[in-house]
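These are my notebook entries on a structure that is new to me. I wanted to look up its enclosed spaces first and its aromatic rings afterwards.

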Amino acid sequence: MLRSGKALQLVARHAQFGHFAEALGSTGWNASQTRGLGGDKVPEYWGKPSPYTEGTAFLGTPTNHDQLINKRPLSPDVFELGSMTQPHYKMPWGALSSIANRATGAALSAGFAAAGYIALTGDLAGALASFKANYPLLVFPTKLIISFPLVYHYLGGMRHFMWDLHKIGNQADKTSLLETPRVEQSSQILLGASVALSLLAAIL
Amino acid sequence: MLTAAVPQLLRAAQVLPQALSAVSFLHTTSEVSQPVAKAAEAKPALFKEFQVYRWNPDAPEAPKYVSYKVDINACGPMMLDVLLKIKDEQDQTLALRRSCREGICGSCAMNIDGQNNLACLSKVNRDPAKASRVAPLPHMFVVKDLVVDMSNFYSQYKSIKPYLQKKGSSDPNAPKKEIFQSKDSRAKLDGLYECILCACCSTSCPSYWWNQDKYLGPAVLLQAYRWVIDSRDDFTAERLAHLDDAYKLYRCKTIMNCSQTCPKGLNPGKAIAKIKQSLHKGSPV
């Protein structure tokens, strides 16, 4: 098995995937990206009897299926083969708006935690006043950086509420908010409206 | 019987014009009009580059894209035609799944130019300046080249019990009666029963990528909903309860990649939203 050749493994890793991939835990030449965010491991219950499925024995998969799976590479998903920057799957607007919602949410968590820390251990109002006085040119971009996640995440959240709670007709009726063209449209509107509103908030 | 007559008819058709010309008193046209075959206007060769994901389980190399140049003017219009032409003429070792060539079996599902689609329904982009990229379904274990391991997907489909379950007598010898269903109830199944289980949707879902063993995925959940709102099925409550855990249904984050990529135009994201509403309400929505 090739994996036992440590020297070859190291060469392959450095040649193709660089230190970043190494640091994130991908191992061997068949890890073309940090799949599963834990490297190239086979998921815990994949193809095995579990609380989720009864396993693959009913299909007639061979008894050494586990060993075969471990040798197989994962096909490219987000990023292209051997790259951490070039995209592979062509993400539609809906997917981009969804990941932006997650990113803005994480940014808000981090931002509010930092602001809370400063407020609790020091003087938040004072810190803000001194920032405004010392860096007057940075005030507008900073306001923009703070307002955009707030506005986007709020509007994105409202959209999720509408999706989850609105009355959906039959599958064949193309009238719901979850039809593909409407999702694309709403994603573009969400982005545009967020940019506009956050610019407004930053100017005022 | 008819097929036996065809060769005889053909022979008669061949002989007839010559026979007619021989019989001069019939004043047939002096030149026997044989079907004149127009010289087929040969199209100029138009080569386009196709980068196809290749991996051989028997060779120790890493997966890679191999470039093939194909004359798309001498080939059918769909990606499947191109792939089979490559397999015929350039590289017999290319492995791919295919069967019906008309978008109903679901075998040739793959990632073409970044989107999951059926190769037999995916028209080749005729711009020769752009190279087309063909890869297997995303985040699946590759058996060889474009063939992926679908066994986990099928075991997930089995887990939702995709068959009619009736309460009452389980006596197999009891006389079977027709189970009536109103037109409105039957209309609820439109957009659900047409699924061909090609797995384009599930393998386009980032949530399924990260939790492939526990999250059921849009294809299986679409079918779960198909049985939930089937008025003839008596085990609706059990079906809904089966989905009520942290992973099987609720890993869906309404990313909606599934509906965007479905080659049959179905909407799994919408069906999943309806399952969530049903669980919230306690009865099928």
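Before sorting any lining by class, I noted that Ala, Val, Leu, Ile, Met, Phe, Trp, Tyr, Cys and Pro count as nonpolar, that Asp, Glu, Lys and Arg count as charged, and that the others, Gly among them, count as polar. I also kept in mind that this is a predicted model.

Entry on cavities. I searched the whole structure and found five cavities of 30 Å³ or more. The largest cavity holds about 100 Å³ of space, and I counted 14 residues in its lining, with B:Cys195, B:Cys198, B:Cys201, B:Cys262 and B:Leu266 lying nearest its centre. Sorted by class, the lining of the largest cavity has 13 nonpolar residues, one charged residue and no polar ones.

I then turned to the second largest cavity, where the space comes to about 70 Å³. Its lining includes B:Cys205, B:Tyr215, B:Pro218, B:Lys253 and B:Ile272. I looked up which helices contribute, and found that α8 (257–261) and α9 (268–281) of chain B each supply at least two residues of this lining. By class, the lining of the second largest cavity has eight nonpolar, three polar and one charged residues.

Entry on aromatic pairs. A pair of aromatic rings is described by the distance of the centres and the angle of the planes. Over all chains I counted 10 aromatic pairs. In one of them, the rings of A:Tyr52 and B:Tyr247 have centres 6.2 Å apart and planes at 80°, so I entered the pair as edge-to-face. A:Tyr52 lies in the loop between α1 (6–23) and α2 (65–71) of chain A, while B:Tyr247 lies in the loop between α7 (236–243) and α8 of chain B, so this pair joins two chains. I noted A:Tyr52 as buried because its relative accessibility is 12%, whereas B:Tyr247, at 26%, counts as partly exposed.

I next looked at A:Tyr89 and B:Trp209, an edge-to-face pair with 6.0 Å from centre to centre and 75° between the planes. Since A:Tyr89 lies in the loop between α2 and α3 (93–121) of chain A and B:Trp209 in helix α5 (residues 206–210) of chain B, this pair also joins two chains. Both A:Tyr89 and B:Trp209 are buried. Returning to the earlier pair, I found that A:Tyr45, A:Tyr52 and B:Tyr247 form one aromatic cluster.

Entry on charges over rings. Which ring does the charged end of B:Lys167 sit over? I found the ring of B:Phe235 there, with the charged end 4.7 Å from the ring centre. B:Arg226 lies over the face of B:Trp227, at 3.8 Å from the centre of that ring.

Conventions
Residues are numbered from 1 along each chain as its sequence is written. Chains are lettered from A and ligands numbered from 1 in the order in which they are written. This is a predicted model: local features need pLDDT of at least 70, side-chain atom pairs count only at pLDDT 80 or more; totals for chains, interfaces and linings use all residues. Side-chain values use heavy atoms; hydrogens and water are left out. On a 1 Å grid over the protein atoms alone, a cavity is a set of points where a 1.4 Å probe fits but cannot get out, and a pocket is an open set with protein on both sides within 12 Å along at least five of seven lines; lining residues have an atom within 4 Å of a point. Grid points are joined across faces, edges and corners, and a volume is the space filled by probe spheres set on the points. Helices (H or I, at least four residues) and strands (E, at least two) are DSSP runs, numbered from the N terminus. Rings of Phe, Tyr and Trp (its six-membered ring) pair if their centres lie within 6.5 Å; planes under 30 degrees apart count as stacked, over 60 as edge-to-face and the rest as tilted. Buried means under 20% relative accessible area, exposed over 50%, partly exposed in between (1.4 Å probe, protein chains only). A charge sits over a ring if NZ of Lys or CZ of Arg is within 6 Å of the ring centre and within 35 degrees of the ring normal.
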